[in-house]
Amino acid sequence: MQGSLDAWNVKAALDWTTGYLERKGDEHPRLSAEWLLSEACGMRRVDLYVDFDRVLSMDERDTLRDYVRRRAAGEPLQYITGEVAFRHIMVKVAHGVLIPRPETEVLVSEALSLLPPLKRRCAIDSLGEEERAAALSRRADGSSCDEAARCEAAVADICTGSGCIACSIAYERPDARVTAVDIAPDAVALARDSVFALGLEDRVQVLQGDLAAPLDFAGSGAGSYDLVVSNPPYIPEDVMGRLPSEVADFEPRLALAGGDDGLDVFRRLVRQAAVLLKPGGGFACELHEGHLDHAAVLASEAGFEQVRIVDDLAGRPRVLTARMPR
C-alpha cells in the first residue's frame with residue numbers, strides 16, 4: 001500500500017485490494033476486498049459505496065494490510081472476518097471449526113420440514129406469559145406437563161461444529177429446543193458464542209462429547225427427540241487427497257474425514273439416531289454425493305422408513321432424510 005495517507009480513502013483501498021487479490025489468484029477478488037475492508041473499518045459493505053472519500057486511519061490501514069496478507073496466502077475469508085452468513089443468521093467461525101457451506105442450508109430446510117407443524121403450539125401460546133413460562137419450566141424440571149411436551153419440538157444436532165444448524169433451527173422455529181453436540185472443544189466454545197450472540201441461550205444447549213453419548217441415547221434420552229440432524233465428517237479418504245488447498249490447509253481434518261467410503265461416522269450415527277427418536281421422528285443428514293445410496297440402505301437396516309435422497313443446489317445428491325415408524 002503506497003501513497004500518501006490522504007490518498008488512502010475507501011475507494012483507493014478497495015480498488016488496490018481488489019487488484020492485489022486478483023493477481024494472487026482470488027476467485028472473487030472484489031467480494032473479498034469488500035469483506036476485508038468493511039471488517040477492517042467497522043463498516044457495512046453497502047456503506048463502502050456511499051462513503052468513498054472516508055480516509056482510513058493508520059490502525060485501519062494496518063489491520064487491512066494484515067487481512068490482505070492472510071487472504072493472499074490462501075486463508076479462507078470467513079476465518080479472517082470471524083463470521084459467516086448462514087440462512088437468516090450470522091454465525092461465528094474460527095480456525096479449528098468447519099466453515100458452513102451452502103449445501104448445509106439445504107440440510108436445514110429438509111430438517112425443518114420433518115418437524116411437527118407449528119400449529120401444535122396454539123394451546124400453550126394462548127396462556128399468559130407467566131402461565132406459559134410455568135408450563136415450560138415444569139417440563140424442563142422433569143415433571144409432567146402434557147401441554148408443554150405437545151407444543152415443543154425437541155431437536156438433537158450432532159456434530160454441530162459452528163452451531164449453524166442448531167442456531168438456524170432455533171431461530172426459524174420458536175418452538176424448538178435444540179441440544180447440540182460436538183467432540184471438539186473449540187467447536188463447542190464457538191457454537192456457544194453464536195448461541196449467545198443470537199440470544200438463543202434459553203433454547204439451545206451445546207454439549208461436548210462423542211456423537212450422541214452426551215444425550216444418554218441408551219438411557220433417558222431414548223425416544224425423546226422429534227428430530228435428529230447432523231452434518232458429520234463425510235469426505236471419503238480418496239477425495240481428501242484432492243481437496244483444494246484452502247480447505248485442506250486450513251479447515252480441520254476431524255470435521256472432514258469420513259473414512260474409506262465417507263460413512264464411518266454415519267454408521268454409528270444412524271443407529272444412535274434410531275434410538276433417540278420418538279415414533280414418527282425425523283432424521284436428516286448431509287453426506288458425500290457418491291455414497292447416498294449406500295447410506296439409504298444403512299438407514300433402512302437401522303429401522304427407518306420413508307428414506308429419501310435430496311439434491312443440493314448444484315444438483316448433486318447431498319442430504320438423506322428418513323422417519324422412524326409410528
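Half of what we are looking at is interior, in the sense that buried residues make up 50% of the 326 residues in the protein chain, and I should say at once that this is a predicted model, so please hear every value as computed from it.

As for the overall make-up, the protein chain holds 15 helices and nine strands. If we take the contacts in the chain with a separation of 6 or more, 65% of them are between residues 24 or more positions apart. The accessible surface comes to about 15,000 Å², and carbon and sulfur atoms account for 50% of that area.

Let me now turn to the aromatic rings, where the count comes to five aromatic pairs. One of these is formed by Trp16 and Tyr20, which are stacked, with 5.0 Å from centre to centre and 10° between the planes; the angle falls in the stacked class because that class takes planes under 30 degrees apart. Both residues sit in helix 1, which covers residues 10-23, and they are four residues apart, or about one turn of the helix.

Are these two rings buried or exposed? Strictly, the answer lies in between: Trp16 has a relative accessibility of 28% and therefore counts as partly exposed, while Tyr20, with a relative accessible area of 24%, is also partly exposed, since buried would require a value under 20%.

Finally, the stacked pair belongs to a wider arrangement, in that ring pairs link Trp8, Trp16 and Tyr20 into a cluster.

Note on methods:
Residues numbered from 1 in each chain as written. Predicted model: local features only at pLDDT ≥ 70, side-chain atom pairs only at ≥ 80, totals over all residues. Heavy atoms only, no water. Helix = DSSP H or I, 4+ residues; strand = E, 2+ residues; numbered from the N terminus. Buried < 20%, exposed > 50% of the residue type's maximum accessible area, 1.4 Å probe, protein only. Contact = heavy atoms within 4.5 Å. Areas by Shrake-Rupley, 256 points an atom, 1.4 Å probe, with all protein chains shown as cover. Phe/Tyr/Trp six-rings, centres within 6.5 Å; stacked < 30°, edge-to-face > 60°.
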